[in-house]
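Open the model in your viewer and keep the selection tool at hand. Each stop below tells you what to select and what is there.

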Amino acid sequence: MMLVRRGKDIESRTPPSRTASYVILEHASLSNGLTQRLRTNTSPQKYKYHRECARPAEFLRSSAIMTNFRFHVFVLLSSMLPNSIRYACANNDTPVIDLGYAKYQGEFDSASNVTNYLGVRYAAPPTGDLRWRAPQTPIVNSSVVQLANEQPPACLQAPEGTSNTNPLEKRANSIDESEDCLFLNVYIPGDAIPTKSLPTLIWIHGGGYIEGNAASFTGSDVMREAHNEIILVIIQYRLGIFGFLPGSEVKKNGDLNAGLLDQDFALRWVQTHISKFGGDPSKVTIWGESAGMLSAGSVLQHIVAHDGETSPQLFRGAITSSTYLPPQYFYNDTIPESLFSEVVSQASCSSANDSLTCLRGVNITTLESINTRLNVEGFFGTFVFVPVVDGTFIKQRPTEVLKQQKVNGKALLSITNSNEGNIFVNQTDPITNVSLYAGTLFPTFGSQQAQEIAQLYKDLGTPLQQDNLIMGESIFVCPTYYLLKAFANNGWKGEFAVPPATHGSDLVYYWTSQGTPAFNNTAFLDAFQEIFMAFVISQDPNDNIAPTLTPHWNLYSQGETEMVFNRTVNGQPDVRVNSTDQSLLERCNEQLSVRPLRSDHKPHFLGPRSQCEKPMHSRHIIPTSPYTTLLVFALLPSAVISLSAPLHGRTLNDNTSVVDLGYARYRGVFDSVNNLTNFLGIRYAAPPTGDLRWRAPQTPAQNSSVVQLADTQPLPCFQAVTGAAPTNPLEARASAPGNPIEDCLFLNVYYPGDTVPVEPLPTLVWIHGGGYIMGGADQYPGSDLIREADNKIVLVIIQYRLGLFGFLAGSKVKENGDLNAGLLDQDFALRWVQTHISKFGGDPSKVTIWGESAGAGSVLQHIVAQDGQTNPQLFRGAITSSTFLPSQYIFNDSIPEMLYSEVVSQTECSSAADSLACLREVDAAVLGVLNNNINADGFFGTFLFVPVVDGTFITQRPTEALKQGKVNGKALLSITNSNEGDIFVNALNPITNVSLYASTLFPEFGWQQANETAELYANLGTPLQQDQLIMGESIFICPTYYLMEAFGNDAWKGEFAVPPATHGADVEYYFPSIGVPPFPNPNFLAAFQGGFLSFVVSQNPNDKIDATITPSWDLYSNGNTEMIFNRTAGYQPDIHADNTDTSLLQRCK
């Protein structure tokens, strides 16, 4: 056997002396780095076939076990291969099909009475020069008969980054992937070619145009539901960047919508070849369901293809289940062009004379990494690479074609789910400004269009419910009604209403092998399934194959009626006719008038753009910044802005101070609006590139011959994303941060007034959060904290290396580098403050460090650094807001070592004599996309590259150091939020076995430890609430109390309880310039902010800078008291002292 990872072969050995061979798979390709030894039993029959049967031409492809560990694909698509498919030599009775270019022999499955033809090639490999070109006829290879008994590899996928399983656990699941993926499966009833030509059903898989494969669907399910009276074909097509790369360059030297052209090519293959399998090419129905999203959208695209004049006609009937139609741009609109530019930039093809030719030469691994990166940055519930109007296959916007009733096919059956939009809207942290949500969902809307949409929904429930409806109706439900109108008197409409009736919940009712339906009633299943099969056979859902309880189904045109499939509260089927809600239809009609894009998004089919029509730079469209990710979004400001735009209201004059740092001189810029001077982008360390990768930061090189103007925000360090962003990166944001770089060790300094303060001021150092994978200095308006401190402090905001650049661990890094480079950057910056802050008017003896989330976790690391004996002491006070302390492994524990191995493997450094030296030679952009890939596969709510115990800077686990009271600093102020864990647990699909959740969150737990943890929370609400408490308390809240104990009589504790009080909800109360806080009461803001800034100035929150409504704040040691910051139901401040819940403290212990 052979193990292949992205085309990289591993030695193949099959012991001849054993009847069943065992293959040890070294899963170095696990994105979390886990080198797993998985024992898989290889069938002796399959081995015999490979040795003795006619070797298929595709064997070198199909026998390769190509590993991919994007576990979320299994959650979305339930990729379970049919158990009935056995490996065996073909017998002489199984039909051989001669396609002219190849011969295939199927395999009969006696259990289902179906013959399977799996992995039939329908097009040539779309590789090399055929990338982004229309599919081509396969080369002739008919000299041998190929046994079609193995599922084909899936087309290359892209993850969404919110996995429901933890890739740090040992798992054997994988999906084969390849760029050479244009295959299909054919299923015929019985063990011989049918003598009577049968109607043919073509299933187009879903997956958001980024995921999915033929292997995810068990053909025998549909064959059984059709009583073996059909032929079934399941096709694959190119996905993501490989199938839907847009832009004028692709139009000029390739083919747009390659994924749709693959589908079209497969439909034409059916017309040519299906009769050889017993199918009738004149009776073809195409069907797609949007469980993984979008295959029903593909059906719609084929309906409108060629303006409804496809020749020859490729199907007579069409079925859509949850029709998907997002905004469909012209191929050379700003957004598609910017996507192309982004791909070109990340592939290092910007300087090439022919960028598309350059892309065709790019290594497949690099392209896949870019595919991953761009897709995971999409706005929550949307997808980046989707069909465009190409002017040839899709000639105009589908809604326009449907208005004109220009359609392919003769009959339509469409079904929608009652709650289509819910899973595509962030339920835990929704955008409550409905106009803002509409404008974010449709990034080319102006404010007027967004307000018009919001107005349509203003009386339909809460803002969250309105968001759900906007998403569900505009993207799924309304397009279905547009289809029905286009088909006039030949369309039927249904609604799937069985709770929860969310998008995709109908999938297991068609494909029952994927799971047990929530309403597993036999009569209901028969009624629901057979209407689809009846339509496939006769184009009329009333021509039942067998009697069912479904009443007569009227055409939709007869009174706008539809069939509703539901259940009663007593668990009985409820299938009935209903009339469409007229207000819904009115909203759909209104949306048609709103949907057209602004005038600057007109088509450009008449020729190239003028020089004045240059696309916006890609960084404004796909920002690699913290606000592009859902989970980390909450670790950062909840509405991030960038301050890298021109400094309005800021002036440069000869009176602005020049600060000489010895190695460089900087001139600040005075901000007259805020009465402070900014020094932005000061280098504090040498570029950590080349040989300095994964080494401690070094002193910058001398560059003091000129004065540098410090007026521009520094570019952020390389980021990583987790892929369910609460803002839309497709919006043209002028405030989008710049592209991240490796040379990023810069800081900003702010002092009050236009001259250096005469009297040294207390200094605050802010350490940004972002899960140790995101964040930058440019996201925090320094003027906010200076103002809140009444101009009585100097402020420093620092950057540090992130992700694998800052926290790559393992013994190799220990031997020839420096562990915890990101923490060492912070330490180096703190030492810079000790040396230089007096030049800016700061007092180095009065330094307080403050961070939120991972920033607060960093503060904790500096508190315990060097066992509390850092010399000299770098700060006197520490503030933590939501202390982040995930599992902190010893640097050479199995998980850090496996993460290192994963990085080495994916950069092809495995064979290098010095793997770390090899990694230092790898291009930073390659490491950047690898950083994304690995982080994207993390378990929901967790982060992979985090601090480790390195034995030098962090000498033992922080909890042990805190137990021993070994701390740096003299005083502590800490605050937690009431609901820290909520956003880090998948509320839409929670793990309801609490022991399982605990063991998944902490992958080194044994079952006993997991059970003990679950027992602690057994009586604290629902399983979801217990999961949220485990996450919140173990990772954020308990570490804060450990800090309290360590600081003894010098610590104050607070709780932020203003609803929703989720993690990160407090940030905009510190930095109100980021966004208006939900509770903007001036008295509350002054009280809340004043406590922190008073502590910075005097190390006591009671020594108020200005009088506030906060009562006296007791030390935590005085009876475990803490200050609660909340509001009343009447929206008045509610600030009071309270005692810590003793049961919480007991759980922490």
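Select strands E33 and E34, residues 1051–1056 for the latter. They pair in the parallel sense over six bridges. Pick Ile975 to see one match: Gly1054 in E34 stands opposite. This is a predicted model, so treat each stop as a prediction.

Now add strand E32, residues 877–881. E32 pairs with E33 too, again in the parallel sense, over five bridges. Click Ala878: its bridge partner in E33 is Leu972. In general, strands of a sheet pair through backbone hydrogen bonds, either parallel or antiparallel.

Is strand E33 buried or exposed? Seven of its seven residues, 971–977, are buried, so the strand is largely enclosed by the rest of the structure. Show the side chains. Ala971, Leu973, Ile975 and Asn977 point one way from E33. Leu972, Ser974 and Thr976 point the other way. Residues on both sides are buried. That is the usual pattern: in a regular strand the side chains alternate between the two faces of the sheet.

**Next: the largest cavity**

How many cavities of 30 Å³ or more are there? The count comes to 13. The largest cavity holds about 290 Å³ of space. Select Pro886, Ser887, Tyr889, Phe943 and Val946: of the 26 residues that line this cavity, these are the closest to its centre. Two elements give two or more residues to the lining: helix H25 (894–906) and helix H31 (1023–1047). Colour the lining by residue type. You should find 22 nonpolar residues, four polar and no charged.

**Stay with helix H25**

Select H25 alone. The ends agree with a simple estimate: at 1.5 Å a residue, its 13 residues should span 18 Å, and the end C-alpha atoms are 18 Å apart. Of the 13 residues, 11 are buried, so H25 is largely enclosed by the rest of the structure. Among the buried ones are Ile895, Met898, Leu899 and Val903, and also Glu897 and Glu902. Keep a rule in mind as you turn the view: an α-helix has 3.6 residues a turn, so residues three or four places apart point the same way.

Step past the end of the helix to Glu908. Glu908 sits in the loop between H25 and helix H26 (915–921). Its phi is near 60°, a positive value in a residue other than glycine. Buried or exposed? At 54% relative accessibility, Glu908 counts as exposed, because the cut-off is over 50%.

Compare Gln405, in the loop between helix H12 (398–403) and strand E18 (411–417). Phi here is near 55°, again positive in a residue other than glycine. Gln405 is partly exposed, with a relative accessible area of 45%.

**Next: two cis peptide bonds**

Select Pro499 and Pro500. The peptide bond between them is cis, with omega near 10°. Pro500 lies in the loop between strand E19 (491–496) and helix H16 (507–510).

Then select Pro1059 and Pro1060. Their peptide bond is cis as well, with omega near 5°. Pro1060 is in the loop between E34 and helix H32 (1067–1070), and E34 is the strand from your first stop, paired with E33.

**Next: a three-stranded sheet**

Which strands form the open sheet with mixed pairing? There are three, in the order E23-E24-E27. The edge strands are E23 (658–660) and E27 (703–709), and each pairs on one side only. From one strand to the next, the twist averages 20°. Zoom in on E24 (residues 664–667): E24 and E27 pair in the parallel sense over four bridges. Arg665 stands opposite Val707 in E27.

**Last: residues far apart along the chain**

Select Glu342, in helix H9 (residues 334–346). Glu342 is buried, with a relative accessible area of 4%. Now add Leu374. The two are 32 residues apart along the chain, and their C-alpha atoms are separated by 8.6 Å. Leu374 is one of the buried residues of helix H11. Of the 13 residues of H11, 11 are buried, so this helix is largely enclosed by the rest of the structure.

Finish at Phe487, in helix H15 (residues 463–487). Phe487 is buried, at 5% relative accessible area. Add Tyr556, 69 residues away along the chain. Their C-alpha atoms are separated by 9.6 Å.

Note on methods
Residues numbered from 1 in each chain as written. Predicted model: local features only at pLDDT ≥ 70, side-chain atom pairs only at ≥ 80, totals over all residues. Heavy atoms only, no water. 1 Å grid on protein atoms, 1.4 Å probe; cavity = no way out; pocket = protein on both sides within 12 Å on 5 of 7 lines; lining within 4 Å. Points joined across faces, edges and corners; volume = space filled by probe spheres on them. Nonpolar A, V, L, I, M, F, W, Y, C, P; charged D, E, K, R; others polar. Buried < 20%, exposed > 50% of the residue type's maximum accessible area, 1.4 Å probe, protein only. Pairing = 2+ DSSP bridges. Expected span 1.5 Å × (residues − 1). Axes fitted to C-alpha atoms, helices over the stretch in contact; angles between N-to-C directions.
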